[in-house]
Structure formats: C-alpha cells, structure tokens
Amino acid sequence: MLATVDRWQEQGNYPLFPVISEPLGTRARLADDRIVSVFGSCDYLGLSRHPEVTGAAIEAVRRFGTHCYGTQPVGGFTEVHRDLESALATFFGKPAAALFPTGMQANIGVLTTLAGPGDVVLSDQLNHGSITMGGRLSGARLLTFRHNDLADLEAGLVGSPGARRRIIVVDGLFSADGDFAPLAGIAALADRHDAVLIVDEAHSGGVVGPHGRGAAELLGVLERVDVITGTMSKAFASTGGFACGSERVMRMLRHSAGAYLLSLGLVPATVGASLAAVQVATEEGALLRTRTADNASALRDRLRQAGVNIGASAAHVVLVHIGRIDDTARIATRLLEQGFLVNPLFPPAVPIGGARLRIGVTSAHSEDEIDKAAEAIARALAC
C-alpha cells in the first residue's frame, strides 16, 4: 500500500487526510484556508452542530471533566452513561443496551461473547470488517455466504447440523454498496434453523424505519432480531458503539466481553452529546429522516441523469462506482480541488477492482449544493 501512496503523492493524486481547521455546517475550511462543500460525512441527520447536542457535551464536561476515570465496571460509568444506555434501549425497542468505546468494539465484543469453539458464525461476505474480525476472534467456525444470497445462507445453516449454536450476522445497510440486507428472509431462516440473529445498524440506525430504528424496523423484523449493534458516529453525531438486546445478553456483555472490560469507557462529553442526539432523533427525527431521504434521492436522480454509475445505491448511501484505485484517487483529488470533499473507498474496505466514492448526504444539504455536487462529480468522471 505504501508504494501506491507514494505514487499518488508523486502524481499529485493523494486524496486522503484532508485537514479541517473549521467546520462550517455543510462546508468546512481546510488548513490551507480553502472552503469546501462536505459530501464525505456520516452525520446523516445533521446533528453534530445541533445546539442541544453541543450544549449537552459542554455540560457533561463541566459536570464530569474530560476523563472517565476507569473502565466502566470499576469507576468509569456515570449517570450519563446509564441514561444513554436506557435511551438507546428505548429508541431501538429492546429491553437493555450496553455501551462500547467504538462500533467496531461492539461487534467484536458481541461476537466473542456469544460465539466460541463449537459454534458457527454465518456472515455476509460484504459485512463490515469488524464483524469478520469478531467472528475470527471468537474461535467459532466462520462461514461466509454470498452477499444477500438466502440460498447460500441456508446451505450454510443446513451444512452445520452439529454446531452448538449458529449465529447469523449481517449489516442492516451495507455502507459500501448502498443496499439493504434481505432481513425478512434472513429472519425466517433464523427462525427455521433456531439461529441467533445479529444486525449491525451502524449506517441505518436513526435514519431509516418509521421510528428511525433501522433496517430491521423498516423491513418489519425488529422483534425477531436478537441483538442490534451500532455506533454513535453516524446518525447520532458523536463517537462510541453500542449493543441492544435482552437483559441477560447485555449482562453477559458487561461481565464477559473483553472489548468492554479491557478498555476505558466513553468520555462524558461524547456520552452527553450522544444522549442529546438520541433525544433529538426521537423528537425531531421524522422530519430529519425525510430531509435526508429526499436529498439522497435528489442526488441519485441527478447522477443517473448525468450517466454516472451508482449501482444499487439506496436510502441515504450514494455510491459512485469507478473500479481502479488510481482512477478513484485521481477523481477524489480533482473533486477536492473543485471544492467537494467526498469519501474514496479502496480495498480492503471494498473488493479488489471495486474502488468507488461514497457520497455522504445529510439532512442539512441544500438543493443548490446537491446540484453542484452532481455536476462536479460528472465533470470529474469525464476528465
């Protein structure tokens, strides 16, 4: 990879690590004083600058300081942590929740706690890398099934009759492809084969579904999902991870998950911001979700009209498929030079030969910004 990075830098096509000196809503000032439109954000509901969210972060610092003092079981669990866990459980319609330092650690913690030797974890081939990592670290047999292929998933279930426990784990919304998991069919297979079902709602939680509870709610299977994992770093405009499920499973995580026990908990400021974001998403979420969906739909329409390949992009995740990593780096760099910050995705985040741009659309983008972004993307692709 370093040879590739060296080549990009020599050619003036290095699109990574832009330094932001000042956020300006849907725009940002870079360290070289350029102003760019930000279409590389996962702040889907536009809550990162919401006064209630920023105010709650400041109040948490005033009340608790900047440190969490210890791991959550032995001194790093404040009233704000407790209240956020309760709010997340309520928001996602589950009995209980547990906080993790990151969404990645939530996936690793859940899988290494619920799965072990003698178990089988069945994972979609396009799941987030943290899911694959958790499955491998668990010591269970990890079976990968073809993306969104129910027949291949069932073959894996049928082909592991001696397993102590079978666990199906999928992303609710695949952020590098923009499509949803076929959760109705997956839940039916889980029921039929007595398997545990885990859904990662990192990119869908807060943004889709009648109440913002994610892909499982949108597709009508929320009550049949055993564990929901997710992150505060997308719709909830902060950082940290979480899991929601039964009281018993959450107790297991708090007392057994290494990813929970061996790391300090979230600092109070981020917990305060997350709690406020969940509350705003509960009270104002319907309007914000509608705006995000409308903006994403408008961008998809304009890109398709310009002949841009956006594949199966759905919901608020808009992907521009390019293919070669050098082309993707060059196009992302040209867009940044034109004043548009987007996310280039390279292997291993995507398959080899599948490099692409992920366009982060939020509720805060204006129609004019979307029009100009679509024009700039089409222009950069044509060069």
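**Close-up 1. A nonpolar patch on the surface of the predicted model.** Three residues make this patch: Met104, Met133 and Leu137. Its area is about 280 Å². Methionine 133 belongs to helix H5, which covers residues 129–138. This methionine has 36% relative accessibility, so methionine 133 counts as partly exposed.

**Close-up 2. Helices H4 and H9 cross.** Helix H4 spans residues 103–114, and helix H9 spans residues 247–256. Their axes come within 10 Å. The crossing angle is roughly 100°. Because angles from 65 to 115 degrees count as roughly perpendicular, H4 is described as roughly perpendicular to H9. Which residues meet here? On the H4 side they are Gly109, Val110, Thr113 and Leu114. On the H9 side they are Val249, Met252, Leu253 and Ser256.

**Close-up 3. A salt bridge between two loops.** The structure holds 20 salt bridges. One of them pairs aspartate 119 with arginine 165. Their closest N and O atoms are 3.1 Å apart. The pair links distant parts of the chain, 46 residues apart. Aspartate 119 sits in the loop between H4 and strand S5 (120–124). Arginine 165 sits in the loop between helix H6 (150–158) and strand S7 (166–171). Are these partners buried or exposed? Aspartate 119 is buried, with a relative accessible area of 1%. Arginine 165 is partly exposed, at 33% relative accessibility.

**Close-up 4. A salt bridge between helices H13 and H11.** Glutamate 367 pairs with arginine 302. Here the closest N and O atoms are 3.7 Å apart. Glutamate 367 lies in helix H13 (residues 367–382), while arginine 302 lies in helix H11 (residues 268–305), so the bridge ties together parts that are 65 residues apart in sequence. Glutamate 367 has 56% relative accessibility and counts as exposed. Arginine 302 is partly exposed, with a relative accessible area of 24%.

**Close-up 5. A salt bridge within helix H13.** The side chains of aspartate 368 and lysine 372 meet in this bridge. The N to O distance is 3.2 Å. How many residues separate the two in helix H13? They are 4 residues apart, about one turn of the helix. Aspartate 368 is partly exposed, with a relative accessible area of 44%. Lysine 372 is also partly exposed, at 44% relative accessibility.

**Close-up 6. A network of salt bridges.** Three residues are linked here: Glu22, Arg29 and Asp33.

Terms used
Residues numbered from 1 in each chain as written. Predicted model: local features only at pLDDT ≥ 70, side-chain atom pairs only at ≥ 80, totals over all residues. Heavy atoms only, no water. Patch = residues over 30% accessible without salt bridge, like charges linked within 9 Å, V, L, I, M, F, W, Y side chains within 5 Å. Areas by Shrake-Rupley, 256 points an atom, 1.4 Å probe, with all protein chains shown as cover. Salt bridge = Lys/Arg side-chain N within 4 Å of Asp/Glu carboxyl O. Buried < 20%, exposed > 50% of the residue type's maximum accessible area, 1.4 Å probe, protein only. Axes fitted to C-alpha atoms, helices over the stretch in contact; angles between N-to-C directions. Parallel < 35°, antiparallel > 145°, perpendicular 65-115°, else oblique. Contact = heavy atoms within 4.5 Å.
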